[in-house]
Amino acid sequence: MPSFLETLLDYELPLAVFDQLHRLTLEKGADVGAFLLADTRVSTAGLAQMELERFVLLISPELQVLLIGRSPASRDCLSYQVGLAFEPSAVADFLDRLINASSADAALQETLQAARPLLQSKISHGYSDLALTFLQQAIAATRSAPQADSYQAIQITLNQQTKKSLLLDQIVNKIQQSLDLAAVLDTTVAQVQQFLQCDRLAVYQFEDLNTVAAELNGDRLGAITYESRLSEHLPSMLNHSETGCEAWPPHNQRYQQGLATAIPNIQKAYAKSPCLLAFLEKNHVKSKLVAPILVGGHLWGLLIAHQCQAVRYWQPWELEFLQHVAARLAIAISQAQLSQQIQQQRQTLEAGVIERTQALHDALIAAQSANRAKGEFLATMSHELRTPLTCIIGMSATLLRWSIGDLNPRQRSYLDTIHTSGAHLLNVINDILEVSKIESGRTALDISQFSLSSLVRQSVEGFQEQANQKQIQLISDLKIPAGGDLFMADPRRLKQILQNLLSNAIKFTPDEGTVKLRLRFEQQVAVFQVEDTGIGIPESQHGLLFEKFQQLETTRHRQYQGTGLGLALTKHLVDLHGGAISVQSRVGSGSIFTVRLPVQTYRTPQAAPSKQQATAPEPVTGRIILVEEQEEIAGIICDMLTSANYQVIWLVDGSQIVNQVELLQPVATIVDLHLTSASGQQIINGLRRYAMRQPLKILAVVASENAQEQAAVRQMGADEVIYKPIDPEELLRIINVLMAASSPSPART
């Protein structure tokens with residue numbers, strides 16, 4: 001293996017020339033801020049170990065230079081044997097040898113170790129070869145040229161190498177900083193034209209990468225899109241192309257391979273392409289240099305240098321330099337194309353998002369419209385269904401309580417079935433309306449403080465008779481801490497939750513089973529559990545439990561009646577309280593439904609007194625005026641109150657109610673607030689003015705069981721509120737309470 005010196009020491013030069021090379025290398029390194037190390041930093045022993053006397057090392061991102069020298073074997077003190085290296089591998093080998101030779105100098109060792117990472121910069125071998133060639137030529141020229149000319153040639157070569165590196169760096173920086181391809185091409189074409197000192201530099205661009213083969217067949221598919229001219233006297237070639245020429249020049253295969261081509265004399269090169277030759281001569285071209293621009297493996301265009309004043313013999317470094325510029329332009333073009341694709345994809349995505357948003361908006365409007373239509377339908381159906389149900393429930397209840405004549409067992413059974421079925425249908429309608437209102441956000445909680453133990457007891461007592469019919473043991477287990485019986489929630493909604501769970505438990509529990517309602521506290525959360533020994537629920541169907549209109553057994557084998565709304569409504573009510581509901585169940589082992597309700601922290605207007613808050617006293621006879629437009633409802637109320645020994649006068653037109661009250665002087669009035677003949681507010685205002693002079697109780701009839709509406713009606717001046725469909729028992733209870741609270745007076749006739 002040859003030694004280090006045998007590889008590099010190739011030239012014997014005058015000592016003055018070596019000194020000049022040494023000085024120029026140090027100056028260039030200082031200009032570009034490179035890492036520099038010279039023989040003055042190394043001990044004599046270290047230099048002797050490496051068989052050297054002089055050296056200078058330059059390392060920068062643009063260039064790496066190693067210059068070494070020693071006295072020749074002839075011991076001529078006026079000359080030096082000189083070596084030059086530009087390859088990173090040669091410089092790295094020199095660093096390793098220098099580190100070994102300077103092991104005693106810790107500071108120098110640290111400096112040399114810091115220089116090694118700089119060698120990992122990506123430096124083109126082509127530039128290294130080119131720089132070495134020029135320096136070799138400059139050194140060879142010193143053998144025959146005067147000493148001053150040698151210095152000048154060397155300095156020009158180094159300056160040229162530095163300018164090339166700086167220009168390429170500027171192009172790269174421009175590409176990195178800008179996605180504007182036109183600006184990059186404009187700037188690059190102008191700078192390269194000035195550096196090469198050619199008469200014209202142009203970019204020939206193909207229109208379509210996919211049809212380059214057609215261009216090779218002679219079709220016009222491209223034109224010059226950018227140019228820079230040395231003089232304005234030269235004709236511009238912008239947008240020019242070889243229109244109508246039958247074939248491309250003979251170098252097209254080299255262009256496809258990415259190889260640059262120097263053409264010093266176009267007349268010789270294009271002698272067989274007269275059309276192309278005429279085109280070039282028309283634009284004063286005598287010599288040209290062509291570097292292909294390949295983007296993604298396709299020929300995007302050509303970077304062309306024109307010499308127009310005289311024939312020019314292009315230097316190898318010019319050919320290689322133009323090829324490097326074309327390679328960097330290819331990066332800029334690829335980057336711009338990628339940016340354009342991203343922009344197009346972004347625009348497509350934005351258009352898709354806008355379209356999808358519009359579709360969702362349209363769907364939302366349609367859903368809102370459908371929801372409004374559903375609300376209107378349910379409101380209409382509620383009115384249409386509640387009116388006949390009032391008659392069914394009211395008349396059957398009246399007949400059961402005050403029948404005209406004796407009823408045989410079958411007649412009483414039929415009436416009882418009619419009354420029970422009507423009540424069941426009313427509950428179904430109420431559940432549907434309740435779910436609809438909750439889903440549309442029209443339901444608000446009516447928070448108040450109440451006794452948990454009392455509410456649980458009432459809930460259990462309401463199902464005791466049903467449990468007794470199936471011989472089911474109905475148990476309540478309350479673990480309420482001392483002072484914790486009062487709870488903040490919506491009592492009506494909580495009772496509805498417990499009733500739904502107890503109803504399901506009793507319905508799905510076989511005879512002689514057990515249903516247990518537990519209550520305990522976990523910090524500020526009340527935990528209700530309804531446990532049964534019923535048929536159980538398959539685990540695969542737990543997810544369907546709280547869906548609307550879901551019954552888990554098949555229709556064919558359905559044994560239990562129900563709409564499937566109870567648990568769905570229960571979950572909605574639990575969610576309104578900010579609570580949670582869960583289930584544990586296995587087939588044949590029963591079920592446990594657990595409800596967790598946090599204590600509510602706000603209050604709303606107090607709900608109307610529940611049916612259980614007052615016990616109906618004995619009837620007190622007196623005159624009552626009824627204002628109702630529905631004949632069937634009026635008939636039921638009149639029959640029921642008349643059977644209870646009240647005198648009832650029915651009015652259809654609500655606009656004359658005050659005059660009639662002045663004339664008839666009743667003890668109480670029952671007023672339907674949804675009349676077409678008069679405003680409910682106006683009726684109550686008139687009756688209140690009368691009540692300031694004479695005792696008068698006002699019972700208002702509203703369309704639905706809405707706590708807020710009832711509170712508003714009471715605020716208007718009503719003493720009590722009842723909602724449709726009217727429960728005869730509830731109506732009689734309220735009338736008895738109102739009449740008992742009024743001043744005793746004999747029946748008026």
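Select L95, L98 and I99 in helix α4, then Q109, L112, Q113 and A115 in helix α5: these two groups meet. Meeting here is contact, that is, heavy atoms within 4.5 Å. Helices (H or I, at least four residues) and strands (E, at least two) are DSSP runs, numbered from the N terminus.

Before moving on, note that this is a predicted model, in which local features need pLDDT of at least 70 and side-chain atom pairs count only at pLDDT 80 or more, while totals for chains, interfaces and linings use all residues. Residues are numbered from 1 along each chain as its sequence is written, and side-chain values use heavy atoms, with hydrogens and water left out.

**Stop 1: α4 and α5**

Show residues 88–101 for α4 and 106–115 for α5. Their axes come within 10 Å and cross at roughly 165°. That makes α4 roughly antiparallel to α5. Axes are lines fitted to C-alpha atoms, for helices over the stretch in contact, and angles run from 0 to 180 degrees between N-to-C directions. Angles under 35 degrees count as roughly parallel, over 145 as roughly antiparallel, 65 to 115 as roughly perpendicular and the rest as oblique. The crossing of α4 and α5 is left-handed. A crossing has that hand if the near helix is turned anticlockwise from the far one by less than a right angle, and is right-handed if clockwise.

**Stop 2: the whole protein**

Zoom out. The protein holds 23 helices and 22 strands. It has 749 residues, and 44% of them count as buried. Buried means under 20% relative accessible area, exposed over 50%, and partly exposed in between (1.4 Å probe, protein chains only).

Turn on the surface. The accessible surface comes to about 37,900 Å², with 52% belonging to carbon and sulfur atoms. Such areas come from the Shrake-Rupley method with a 1.4 Å probe; for residues, only the protein chains shown count as cover. Now consider contacts between residues at least 6 apart in sequence: 68% of them join residues at least 24 apart.

**Stop 3: D39**

Go to the loop between β2 (35–38) and α3 (44–49), where D39 is found. D39 is buried, with a relative accessible area of 10%. Which residues does D39 touch, not counting those up to four places away in sequence? Select H22, L47, E53, R54 and F55.

**Stop 4: two positive phi values**

Most residues other than glycine have a negative phi. Pick H284, where phi is near 65°, a positive value. H284 is in the loop between α12 (274–282) and β9 (287–295). This residue is partly exposed, with a relative accessible area of 40%.

Next, pick E512. E512 has a positive phi of about 65° although it is not a glycine. Look for E512 in the loop between α17 and β14 (514–522). Is E512 buried or exposed? At 60% relative accessibility, E512 counts as exposed.

**Stop 5: α15 and α17**

Stay with α17 (residues 491–507) and add α15 (residues 452–461). The two helices pack at an angle of about 40°, with their axes 10 Å apart. They are therefore oblique to each other. Their crossing is right-handed. To see the interface, select L452, L455, V456, Q458, S459 and V460 in α15. They meet P491, L494, K495, L498 and L502 in α17.

**Stop 6: aromatic rings**

Rings of Phe, Tyr and Trp (its six-membered ring) pair if their centres lie within 6.5 Å; planes under 30 degrees apart count as stacked, over 60 as edge-to-face and the rest as tilted. How many aromatic pairs are there by this rule? The count comes to five.

Select F450 and F487, an edge-to-face pair with 6.2 Å centre to centre and 80° between the planes. F450 lies in strand β11 (residues 448–451) and F487 in strand β13 (residues 486–489), so the pair ties together parts that are 37 residues apart in sequence. F450 is buried at 9% relative accessible area. F487 is buried too, at 2%. Add F521: F450, F487 and F521 form one aromatic cluster.

**Stop 7: α18**

Show residues 566–576, helix α18. Its buried residues are L567, A568, L569, T570, L573 and V574. G578 follows α18, with a positive phi near 75°.

**Last stop: Q710**

Finish in helix α22 (residues 707–716), where Q710 is found. Q710 counts as buried at 7% relative accessibility. Now select V721, 11 residues from Q710 along the chain. The C-alpha atoms of Q710 and V721 are separated by 6.3 Å.
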